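Hi,

Here is the model I said I would pass on. Have a look at it first, and my notes follow underneath.

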Amino acid sequence: MKEDISPVKATLIFTIFTLYFYLLLFTLLPWLKSNYTFNPALYWFIIGYSLFAPIFLFAVIMAVREGNKSLREILDSLNIRLFSKKEWAYSIFGLLACFVSTGLVFGASYALSNYFGFRPISTTPWFMEMSPFYGKDTLFLLVWLPMFFFNIAGEELLWRGYIQARLPGRFWPLCSLLWLMFHLPFGLDLLIMLVPIIFIVPYVFHKTDNALTGIFIHGLYNGPVFVAIALGVMQ
């Protein structure tokens, strides 16, 4: 069972969680830094749990409010199902498109920096300090992993499986713009870098109506890169 939502309601939900993101960054984050001293990455992990776990729970709660009780009903309501051949194709090509287009963004940034003196794009948000994990610190990845699950599953279930699925298909670009708004707290550099995936994932969902495609693309786009940075493989 699914209930249609209006563009106004969709915008309101995105706006509330964007403002909540800002609230965490300007209240919880400075409080943590002033009261606790530990690996800087853990500050972001705590913020991430505080942001993405509620997003995940909100998507599930909204599905249950529609009368879906069993796990199967909730998954169906949030447009989660196994891939068909078509959906595999869209997911793989969507992921490749994200990597290629992001590479073009970095290439353009490199050219503008080297030939015209522009500042290169920074891949680290203003509120995050990230340095490689060494020795026992690599165990912090076990703290990150559940947060990463809530990050990817939460966003894709709410933004795509709940909101976009209940809007008329012609509104998929609105979902991209609202998702871009949600990333405003990350700063301009990250917004520029994320533009490709911001439009590719909602488009793929528009073509497949399966939120698992977004989980696949979003997860494989974000996860391996973070692990490579955390282990010092890339900077």
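Helix H2 is the top contributor to the lining of the largest cavity, giving three residues. Keep in mind that this is a predicted model. The elements that supply two or more lining residues are helix H1 (7–35) and helix H2 (40–65). The full lining is Leu29, Lys33, Pro40, Tyr43, Trp44, Phe127, Met128 and Glu129. Sorted by class, that makes six nonpolar and two charged residues, with no polar ones. The space inside comes to about 40 Å³, and the structure has one cavity of 30 Å³ or more.

Now for the fold as a whole. The chain has eight helices and zero strands, so if you write out the elements from the N terminus you get α-α-α-α-α-α-α-α. How does the radius of gyration sit against what a compact globule would have? For 235 residues the globule value is near 18 Å, and the chain comes out at 18 Å, so the two agree. The C-alpha trace spans about 50 × 45 × 35 Å along its principal axes.

Of the contacts with a separation of 6 or more, 79% join residues that are 24 or more positions apart. Buried residues account for 46% of the 235 in the chain. As for the surface, about 12000 Å² is exposed, and 71% of that comes from carbon and sulfur atoms.

Two loop residues are worth a click. Asn79 is not a glycine, yet it has a positive phi of about 60 degrees. You will find Asn79 in the loop between helix H3 (71–77) and helix H4 (85–116). Asp209 also has a positive phi of about 60 degrees without being a glycine, and it belongs to the loop between helix H7 (188–208) and helix H8 (211–230).

Are these two buried or exposed? Asn79 has a relative accessible area of 3%, which is under the 20% cut-off, so it counts as buried. Asp209 is at 36%, between the 20% and 50% limits, and therefore counts as partly exposed.

One last residue: Ser176, in helix H6 (residues 172–182). Its relative accessible area is 0%, so Ser176 is buried. Leaving aside residues up to four places away in sequence, Ser176 touches Ile198, Phe199 and Pro202.

Shout if anything looks odd when you open it.

Cheers

How values were computed. Residues numbered from 1 in each chain as written. Predicted model: local features only at pLDDT ≥ 70, side-chain atom pairs only at ≥ 80, totals over all residues. Heavy atoms only, no water. Helix = DSSP H or I, 4+ residues; strand = E, 2+ residues; numbered from the N terminus. Buried < 20%, exposed > 50% of the residue type's maximum accessible area, 1.4 Å probe, protein only. Contact = heavy atoms within 4.5 Å. 1 Å grid on protein atoms, 1.4 Å probe; cavity = no way out; pocket = protein on both sides within 12 Å on 5 of 7 lines; lining within 4 Å. Points joined across faces, edges and corners; volume = space filled by probe spheres on them. Nonpolar A, V, L, I, M, F, W, Y, C, P; charged D, E, K, R; others polar. Rg over C-alpha atoms; globule rule 2.2 N^0.38 Å. Areas by Shrake-Rupley, 256 points an atom, 1.4 Å probe, with all protein chains shown as cover.
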